[in-house]
Amino acid sequence: DDEQDILTLYKDFLMSRGHDVIYTSLNANDLISNFLKNRPNIVLLDYRLAGPKSGIDAAIEILTAYPLSPILFVTVYEQLGNDILKFPQIKDKNISILMKPVLLLEIEDAMLNLLNHVPYSKLDWKGG
């Protein structure tokens, strides 16, 4: 996400539910660097991030290095599903999209579904 308060909210909620949160970042470069160092089970990200790279840019780099990595987008960007289909590096990957506003329990449910390779989305999107 591009807002620290949202990152803190997600982190605190997920940790209270027993999930390990390895790293939070406001920008794609830090996110990618820490993903490559720590290889978490799943990545949560927004389309809009601080800095020049978008969430799609981050997803492309992550999935180029590790094509089976599950990625959950939590965003207000309604065209994200259509945009993902334009990039062969991320099309048909283990990706789900939740549209903000979102309930924190929906994030956890979507994460668990992705980890079990069951795409979940509040959108009518069939890309992943």
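Here is a short walk through one strand, its neighbours and a helix that packs against them. The model is a predicted one, so please read the features below in that light.

Let's start with strand β2, residues 71-75, where five of five residues are buried. Which residues cover its two sides? Ile71, Phe73 and Thr75 lie on one side, Leu72 and Val74 on the other, and all are buried, so both faces of β2 count as covered by the definition of buried, under 20% relative accessible area.

Now look along the sheet in each direction. Strand β1 (residues 43-45) runs parallel to β2 and is joined to it by three bridges. Strand β3 (residues 95-99) also runs parallel to β2, this time with five bridges. Phenylalanine 73 is a handy landmark here: leucine 45 stands opposite it, and so does isoleucine 97 in β3. The connection from β1 to β2 goes by way of helix α3 (residues 55-65), and the three elements make a right-handed β-α-β unit.

Next comes helix α1, residues 4-16. Its 13 residues reach 18 Å from first C-alpha to last, close to the 18 Å expected at 1.5 Å a residue. Leu7, Tyr10, Phe13 and Leu14 of α1 are buried. Why do they line one face of the helix? Seen down the axis of α1, the buried residues fall within an arc of 140 degrees, so they share one face. In general, an α-helix has 3.6 residues a turn, so residues three or four places apart point the same way.

What covers the buried residues of α1 includes β2, together with β1 and α5 (104-115). The face turned away from that buried side carries exposed Asp5 and Ser16. After α1 comes glycine 18, with a positive phi near 95 degrees.

Key: Residues are numbered from 1 along each chain as its sequence is written. This is a predicted model: local features need pLDDT of at least 70, side-chain atom pairs count only at pLDDT 80 or more; totals for chains, interfaces and linings use all residues. Side-chain values use heavy atoms; hydrogens and water are left out. Buried means under 20% relative accessible area, exposed over 50%, partly exposed in between (1.4 Å probe, protein chains only). Helices (H or I, at least four residues) and strands (E, at least two) are DSSP runs, numbered from the N terminus. Two strands pair if DSSP finds at least two bridges between them. A crossover is right-handed if, with the strands pointing away from the viewer, the path from the first strand over the helix to the second runs clockwise. The expected span of a helix is 1.5 Å times one less than its number of residues. The arc is that of the directions from the helix axis to the C-beta atoms. Contact means heavy atoms within 4.5 Å.
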